[in-house]
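Me: I would like to learn how to read a few features of a protein model. Please take them one by one.

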Amino acid sequence: GRGAAAGAAGDSRRQRSLGMNMEADHMVVVMDERATELQIETVVARLVELGMDVHRSTGVTRTVLGVVGQTRPDPGLIEMFEGVHEVLRISEPYKLASRTFKPDNTIITVGDVRIGGDEVIVMAGPCSAETEQQVRTTAAAVRRAGAKIFRGGAFKPRSSPYSFQGLGEEGLRMLRDASTAEGMALVSEVMDISQIPLIEKYCDIFQVGARNMQNFTLLKELGHVRKPVLLKRGIAATIEEWLLSAEYVLSGGNTDVILCERGIRTFETATRNTFDISAIPVVKKLSHLPVLADPSHGAGRRDMVAPMARAAVAAGCDGLILEVHCDPDRALSDGAQSMFPAQFDRLMAELRIIAPAIGRSICLEPVARRGWGS
Ligand code: PEP
Ligand code: MN
């Protein structure tokens, strides 16, 4: 008994030392109708031993225990006790990522771009940096159409080791030069902790790919960098797991996490992934963090990217990240889902109609720029 109590105290000390304002954890233990007094008392004793306050409500047929405390007993463990009917967790398992903890939207500033404010921010660029010319041409095209942030991969997490793996540092240099030339910030994927210094040198935002959403070593390390982290949802991750991954970065001290829905794997095969648009309002409700949408990976086909992008903006995302390529039919990765610059241009024009309809703004400049023949 004594040992367990000391362990519980150590746990809350650890949480405090993480700088977390650990508000109380709440759960409700519903006992069986036929639970005996001894069973009820055993559960209460164990919860008290875990450092929880237990408020017992003895009804005519059932006893219900309200449980509050600084530690987080495993509900599944309590459910295994004799006489327990059900354990309901009331508070979320993540704190720093939750709206309960921070009710106001988080706005992340990258240069003069604000992510999470009224403006819908569009990030666009090729899946991978391939050549100097490809990067330059694509950057100019997306910037002209209204993109505020340039995207492009130099380290690619390909399903097959025989697929194009990215140009590495040479790709980062191309991406940086084009971003600077066009006056855009740059986001690029970091696959491993060893790549952090290199990505940090060239990029403004670290992208954590879907396949790395639960690379906890990487997430912990990104808790210590001073640049924002764009965290994609894992291919088979629940929203709760996704927010717990964000919590890893936040609890390390980096408050600038941007979430990105990019489609999940379901039984459907008509699209590359199933783009979970409902995740947008769900996460906006649960969390104060900005939520982006990536309909390129969500749909996997360029003819379906624009409808999904329109829907994502209508659903309330704070921005989009889109794959655009100057010559997508010859792209070395994700060509099928990469838009032609003209398609991207048209999509931006449509978003300029949709965004204001839901009280959001979006880049309005390009029309004037086009008039000057740039
Ligand atoms: C990408 O952005 O090119 C990419 C690999 O994305 P995801 O991690 O979502 O598959
Ligand atoms: Mn891609």
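Reply: What follows goes through an aromatic pair, two helix contacts and one loop residue in this predicted model.

Me: How many aromatic pairs does a search of the whole structure find?

Reply: The search finds one aromatic pair.

Me: What describes a pair of aromatic rings?

Reply: Such a pair is described by how far apart the ring centres are and by the angle of the planes. Here the centres of the F216 and Y248 rings are 4.7 Å apart and the planes are at 25°. Planes under 30 degrees apart count as stacked, so this pair is stacked.

Me: Where in the chain are F216 and Y248?

Reply: F216 is in helix 7 (residues 216–222) and Y248 is in helix 8 (residues 239–251). They are 32 residues apart, so the pair links distant parts of the chain.

Me: Are the two residues of the pair buried or exposed?

Reply: Buried means under 20% relative accessible area and exposed means over 50%, with partly exposed in between. F216 has 32% relative accessibility, so F216 is partly exposed. Y248, with a relative accessible area of 30%, is also partly exposed.

Me: Helix 8 also meets helix 9. At what angle do their axes cross?

Reply: The axes of helix 8 and helix 9 (residues 279–286) cross at roughly 50° and come within 11 Å. The two helices are therefore oblique to each other. The crossing of helix 8 past helix 9 is right-handed.

Me: Which residues meet there?

Reply: Helix 8 brings I239, W242 and L243, and helix 9 brings A279, V282, V283 and L286. By class, this contact has seven nonpolar residues, no polar and no charged ones.

Me: How is helix 4 placed against helix 12?

Reply: Helix 4 (residues 132–145) packs against helix 12 (residues 341–357) at an angle of about 20°, and their axes are 9 Å apart. Angles under 35 degrees count as roughly parallel, and that makes helix 4 roughly parallel to helix 12. From helix 4, A141, V142 and A145 make the contact; from helix 12, P341, F344, D345, M348 and R352 do. By class, six residues are nonpolar, none is polar and two are charged.

Me: Last, the loop residue R233. Is R233 buried or exposed?

Reply: R233 has a relative accessible area of 5%, so R233 is buried. R233 lies in the loop between strand 11 (229–232) and helix 8. Leaving out residues up to four places away in sequence, R233 touches several residues, among them W242, E261, D276 and A279.

Technical notes
Residues numbered from 1 in each chain as written. Chains lettered and ligands numbered in written order. Predicted model: local features only at pLDDT ≥ 70, side-chain atom pairs only at ≥ 80, totals over all residues. Heavy atoms only, no water. Phe/Tyr/Trp six-rings, centres within 6.5 Å; stacked < 30°, edge-to-face > 60°. Helix = DSSP H or I, 4+ residues; strand = E, 2+ residues; numbered from the N terminus. Buried < 20%, exposed > 50% of the residue type's maximum accessible area, 1.4 Å probe, protein only. Axes fitted to C-alpha atoms, helices over the stretch in contact; angles between N-to-C directions. Parallel < 35°, antiparallel > 145°, perpendicular 65-115°, else oblique. Contact = heavy atoms within 4.5 Å. Nonpolar A, V, L, I, M, F, W, Y, C, P; charged D, E, K, R; others polar. Left-handed = near helix turned anticlockwise from the far one by under 90°.
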